[in-house]
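This briefing covers a nonpolar core, a strand pairing, a disulfide and a buried acidic residue. The sequence and structure come first, followed by notes grouped by topic.

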Amino acid sequence: MRRADELGAASIVSVGLIAAIVLLTTLTLGVVAGYVDARRAAATADAAALAAADAATGAISGLPCEVADRMAQRNGARLVSCAVDTAAVSTVTVVVPGRIPGLDAEATARAGPPGSP
């Protein structure tokens with residue numbers, strides 16, 4: 001026989017389990033979204049650095065940092081910094097707006113002609 005004070009105990013345990021599952025799912029999705037944003041920022045920085053290096057060597061037309069800025073904008077990012085040295089090696093930093101407000105992803109990439117340091 002059941003005791004009267006145990007009635008409804010399973011409901012409380014069920015609610016607790018459901019709350020824990022919802023919390024873990026939310027945290028997991030947040031971590032995954034941050035990882036995806038970081039990878040997107042890295043890929044965008046790579047593309048912008050390569051575009052700037054190509055412009056610096058004359059492979060494509062345009063000013064290196066302007067080309068890098070256009071490439072970053074096409075990928076949904078903002079160019080934060082751009083520098084090209086005398087060996088046509090470009091270094092760019094981009095910021096990608098995060099899927100979670102306030103958690104933007106930043107990445108820096110460097111590119112240049114083959115054999116450059």
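The largest nonpolar core has 18 residues, and those with the most contacts inside it are Ala68, Leu79, Val92 and Val94. The model is predicted.

**Nonpolar core**

- Helices α1 (9-57) and α2 and strands β2 (90-96) and β3 (105-111) each supply at least two residues of this core.
- The biggest share comes from α1, which gives seven residues.
- Val94, one of the residues with the most contacts inside the core, touches Ala41, Thr44, Ala45, Ala72 and Ala77, among others, when residues up to four places away in sequence are not counted.
- On the same count, the residues that Val94 touches also include Arg78, Leu79, Val80, Ala105, Glu106 and Ala107.

**Strand pairing**

- Strands β1 and β2 run antiparallel and are joined by six bridges.
- One bridge pairs Cys82 with Val92 in β2; Val92 is also among the residues with the most contacts inside the largest nonpolar core.
- The hairpin of β1 and β2 has five residues between the strands, and Ala88 in this hairpin takes a positive phi near 65°.

**Disulfide**

- A search of the whole structure finds one disulfide.
- Cys65 and Cys82 form this disulfide, with their sulfur atoms 2.2 Å apart.
- The pair links distant parts of the chain, 17 residues apart: Cys65 lies in helix α2 (residues 64-74) and Cys82 in strand β1 (residues 78-84).
- The disulfide of Cys65 and Cys82 is left-handed because the torsion about its S-S bond is about -85°.
- Cys65 is partly exposed, its relative accessible area being 30%.
- Cys82 also counts as partly exposed, at 22% relative accessibility.
- Buried means under 20% relative accessible area, so Cys82, at 22%, does not count as buried.

**Asp37**

- Asp37 is located in helix α1, the helix that gives the most residues to the largest nonpolar core.
- Is Asp37 buried or exposed? Asp37 has a relative accessible area of 2% and is therefore buried.
- Apart from neighbours within four places in sequence, Asp37 is in contact with Pro97, Gly98, Arg99, Leu103 and Ala105.
- Ala105 is also in the list of residues touched by Val94.

Key: Residues are numbered from 1 along each chain as its sequence is written. This is a predicted model: local features need pLDDT of at least 70, side-chain atom pairs count only at pLDDT 80 or more; totals for chains, interfaces and linings use all residues. Side-chain values use heavy atoms; hydrogens and water are left out. A disulfide is a pair of cysteine sulfur atoms within 2.5 Å. Helices (H or I, at least four residues) and strands (E, at least two) are DSSP runs, numbered from the N terminus. Buried means under 20% relative accessible area, exposed over 50%, partly exposed in between (1.4 Å probe, protein chains only). A nonpolar core is a set of buried Ala, Val, Leu, Ile, Met, Phe, Trp, Tyr and Cys residues joined through side-chain atoms within 4.5 Å. Contact means heavy atoms within 4.5 Å. Two strands pair if DSSP finds at least two bridges between them.
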